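This report describes selected features of one protein model. Please examine the sequence and the structure shown below before reading on.

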Amino acid sequence: QEKHDEHKREAGPVEADKSLGFLKNGNTRFMKAHVRKDGASKSDRERLSSGQKPHAIVLSCSDSRVPPEIVFDQKLGEIFVVRTVGQSLDASAIASIEYAVSHLGSNLIVVMGHESCGAVKAALGTLKGGDAGSPWLNKLVSDLHPHLKRFSELPQSEGVLVESWANVEGVARDLVERSDIVRKLVED
């Protein structure tokens, strides 16, 4: 009980469903090229200098083609972004997410994958062994292997879209399994 109370927090300012709506609406604006013009002014920067209350946490790939702030048309202070290749969950990524849910009050965590993901392609290419190019890359792709092992004998889908979705689902499960803080908040 004491450990549970240690991670108890007040719900953030925005409910998860509403936050997801903000992201979906922002993506629609992005896709239609009608993005917001507000949210990055001097007064916005000054307002945020005293603290942040992002409505969502987004764990996304580091791929330069899919920055969450842009594809969801979100402005300064609105989303807390953690980016790693292939949405891999290392200690820093998990700690960053735990910080955001524990101290910033975000109620929504989005694991965002994308098509044509190089990390997913590399992981698929090394499912049966092989070298991804360095010890660190080998570690990264080995973390993705459990999410992708069912594809070892299948041809890759166009843009590795199916495999990327499987990786997103696996990362989301892994986050809940690896983080006591996230798991308890999901349960509560």
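In what order do the 3 strands of the open sheet lie, and is their pairing parallel or antiparallel?

## The sheet

The model is predicted. Its open sheet has the strand order E2-E1-E3, and the pairing is parallel. The edges are formed by strand E2 (79-83) and strand E3 (109-112), each of which pairs on one side only. From one strand to the next, the twist averages 20 degrees.

In general, the strands of a sheet pair through backbone hydrogen bonds, in either a parallel or an antiparallel manner.

## The pairing of E1 and E3

Strand E1 comprises residues 56-60 and runs parallel to E3, to which 4 bridges join it. Within this pairing, Leu59 stands opposite Val111 in E3.

## The second largest pocket

Which elements give two or more residues to the lining of the second largest pocket? They are E3 and helix H8 (161-178). The largest share, 4 residues, comes from H8. Val111, the residue opposite Leu59, is also one of the lining residues.

The volume of this pocket is about 300 Å³. Its lining includes Val110, Met112, Gly113, His114 and Glu115, and also Leu161, Ser164, Trp165 and Val168. Val66 and Phe72 belong to the lining as well. Sorted by class, the lining residues are 8 nonpolar, 3 polar and 1 charged.

Methods
Residues numbered from 1 in each chain as written. Predicted model: local features only at pLDDT ≥ 70, side-chain atom pairs only at ≥ 80, totals over all residues. Heavy atoms only, no water. Pairing = 2+ DSSP bridges. Axes fitted to C-alpha atoms, helices over the stretch in contact; angles between N-to-C directions. 1 Å grid on protein atoms, 1.4 Å probe; cavity = no way out; pocket = protein on both sides within 12 Å on 5 of 7 lines; lining within 4 Å. Points joined across faces, edges and corners; volume = space filled by probe spheres on them. Nonpolar A, V, L, I, M, F, W, Y, C, P; charged D, E, K, R; others polar.
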